[in-house]
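Q: I'm new to this one, so could you put it up and walk me through its core and pockets?

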Amino acid sequence: MSSKGPGLFSDIGKRSRDILTKDYNSDQRFTISSSTNSGLDLNSTLLKSRGLSCGDVVTQIKHNNKTLHFKVDTESSVLTTFTVTDFVPSAKVLASIRLPDYKSGKVEVQYLHDHAGFTSAIDLNSKPSIDFSATIGTPGIAFGAETSYSTGVGKFTKYNAGVCLKLPSSIASVILADKGDSMKVSYLRDLERLNGGAVVGEISRKFSTNENTLTVGCSYVVDPRTTVKVKLNNHGNLGTLLQHELTHKSFLTISGAFETKALEKSPKFGFSLLLKP
């Protein structure tokens with residue numbers, strides 16, 4: 001499923017979020033991934049977080065436009081997701097359930113058009129929540145909104161709105177969230193001197209508390225296999241990340257978090273190792 005249109009609501013501000021949040025962590029994660037030409041993918045992950053260890057095994061089977069995804073974790077939870085792409089042009093259907101919670105079933109439909117993108121999801125239980133999002137525009141400018149209605153309480157539990165403007169080397173976005181109580185404005189600029197990297201500035205405001213947070217960050221492509229990211233906010237929280245491709249699709253990611261205004265606090269470090277033979 002592909003489209004040259006405005007994309008989905010979740011795509012608004014995504015590149016900025018990726019630079020400021022993606023792959024930053026203070027955990028230790030080790031993943032082994034393998035795949036076959038028949039469309040079978042296997043992933044096994046061990047995670048240590050806050051002194052606790054857990055793990056999961058993921059199996060993914062692809063056949064034509066269908067994908068079956070199983071995830072079993074150490075808490076005896078099984079997540080099953082079935083995806084059908086392009087069952088009609090530019091549409092995708094996802095059905096998921098997490099066992100043993102039989103009330104966790106959910107069905108989602110995504111549709112992409114050259115001038116619009118829609119998603120609709122409903123829980124498969126007696127009092128479902130209904131999620132809906134819509135985006136209209138072009139690849140250069142998009143307007144979107146999303147909402148969630150709970151039939152159990154009979155009211156809207158979420159409604160957000162956003163706008164995104166894309167230029168050849170920059171992206172600006174504004175998102176109004178938390179039922180209008182918060183706003184996030186971000187600006188991303190691609191810079192040739194960063195070898196394909198970018199700089200990002202983001203301002204978020206919480207209206208109910210008058211709290212403002214300014215975050216700046218950048219990504220720098222050291223070489224075709226190595227990327228460095230740094231972020232800092234006005235509260236003195238500094239984050240750094242190094243990601244290196246060891247072999248084809250095998251990555252080592254090391255990240256650290258520091259509080260520059262509280263030097264007595266120990267920094268937090270995390271790493272992620274993804275091996276794909």
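Q: Which residues make up the largest nonpolar core?
A: In this predicted model, the largest nonpolar core has eleven residues, namely Phe 9, Ile 12, Ile 19, Leu 20, Cys 164, Ile 171, Ile 175, Ala 177, Leu 188, Ala 198 and Val 200. Such a core is a set of buried Ala, Val, Leu, Ile, Met, Phe, Trp, Tyr and Cys residues joined through side-chain atoms within 4.5 Å, with buried meaning under 20% relative accessible area (1.4 Å probe, protein chains only).

Q: And which elements supply at least two of them?
A: Those are α1 (14–21), β12 (170–177) and β14 (198–206), and β12 has the largest share, with three residues. Helices (H or I, at least four residues) and strands (E, at least two) are DSSP runs, numbered from the N terminus.

Q: What is Ala 177 in contact with, leaving aside neighbours within four places in sequence?
A: Ala 177 is in contact (heavy atoms within 4.5 Å) with Asn 160 and Ser 182.

Q: How are the residues numbered, and what limits apply?
A: Numbering starts from 1 along each chain as its sequence is written, and side-chain values use heavy atoms, without hydrogens and water. Because the model is predicted, local features need pLDDT of at least 70 and side-chain atom pairs count only at pLDDT 80 or more, while totals for chains, interfaces and linings use all residues.

How values were computed. Buried means under 20% relative accessible area, exposed over 50%, partly exposed in between (1.4 Å probe, protein chains only).
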